[in-house]
Amino acid sequence: MAQTTVQNSNAIRFGSGKLEIGTSIGSLVNIGAIRNAVFKEEWEDVEVKSDNAGIVKVGIKEHVAYIECDMMEVDLENLNTIRGDLDTYSTVAGTPVSVTDETHTLEGTDFVKLNHMNGDGTEVSSIVVTDASDNAAVRNTDYVVAVDSDGYTCIARISDSTVISDGEGIKVDYSYTPSSAATLTSGGKTSISDRVVRITNADENDKIFRITLYKATVNEGQNIEFPADDGDDPAMPHLKMKGVLDVSRTAGDQLYEIYDEQGV
């Protein structure tokens, strides 16, 4: 026999979520595939004993929150972000690769990114741009070059170019150097930088249920267990991020935010 009925079916949550970590909300990085994601809040009760009325509870202290999971993708660059500058991340350059006649279309003054990038995220070298008729274009006269936030070299047409017309196809020659390896070294640093941690669940209507820790640091060292060769599961390091009060924010909004589009 049912004791009640569902009061708000939209408030019943299904599915996991996307875990993101970054130096700020505007620079969050998707950590990728995870398992066993958990959000947990804790505090310590503050109690005062009276002589004649027992224990008087007056509040809480040590108000903290955690987001933890098992990571299925062991990406060193992401680990470096997660661990808050505790380590040193670098890439090992591979062999340069030459690209000839890579085609793109330049619309207006919008940037388009080249198909390949340097492993260290710097601008590719030896850039030569020609129009569809093989006329040479001049950098900073006919086109400009920039590197985007992902490390890709991008090209945009200058509006008054006399070589590249709006909407014209171009050909680009350049050389890029991919990474042959990545390294993460640790030991000797003692301070850990704060990170923003966010987990977002989206339903079938793309409405989200989201939890954000404003000021968090990694709360435990790495533990990578290597499974048997014939096992089905990958190595999954456990990640535990501890959120503490960000006293630069308004009281009542210093630890975390729960944002809900699904239950309203």
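In the predicted model, Ile-82 contacts Ile-21, Ile-31, Met-71, Arg-195, Val-218, Leu-239 and Met-241, when residues up to four places away in sequence are set aside. Ile-82 belongs to the largest nonpolar core, a set of 19 residues in which Ile-82, together with Leu-19, Val-197, Leu-239 and Met-241, touches the most other members. Two or more residues of this core are contributed by each of strand S1 (18–22), strand S4 (55–71), helix H1 (76–82), strand S13 (195–202), strand S14 (208–218) and strand S15 (238–243). A second core, separate from the one that holds Ile-82, comprises 17 residues, among them Ala-137, Val-163, Ile-164 and Tyr-176. In soluble globular proteins, nonpolar side chains tend to be buried together.

With regard to the chain as a whole, 1 helix and 16 strands are assigned, and 31% of the 264 residues count as buried. Of the contacts that join residues at least 6 apart in sequence, 68% link residues at least 24 apart. The radius of gyration of the protein chain is 26 Å, whereas a value near 18 Å would be expected for a compact globule of 264 residues; the C-alpha atoms occupy a box of roughly 95 × 45 × 45 Å along the principal axes.

The surface exposed by the protein chain amounts to about 15700 Å², of which 47% is supplied by carbon and sulfur atoms. The chain carries 21 positive and 45 negative side chains, and a distance of 8 Å separates the centres of these two sets.

Definitions and conventions. Residues numbered from 1 in each chain as written. Predicted model: local features only at pLDDT ≥ 70, side-chain atom pairs only at ≥ 80, totals over all residues. Heavy atoms only, no water. Helix = DSSP H or I, 4+ residues; strand = E, 2+ residues; numbered from the N terminus. Rg over C-alpha atoms; globule rule 2.2 N^0.38 Å. Buried < 20%, exposed > 50% of the residue type's maximum accessible area, 1.4 Å probe, protein only. Contact = heavy atoms within 4.5 Å. Areas by Shrake-Rupley, 256 points an atom, 1.4 Å probe, with all protein chains shown as cover. Lys, Arg positive; Asp, Glu negative; His and termini not counted. Charge placed at Lys NZ, Arg CZ, Asp CG, Glu CD. Core = buried A, V, L, I, M, F, W, Y, C linked by side-chain atoms within 4.5 Å.
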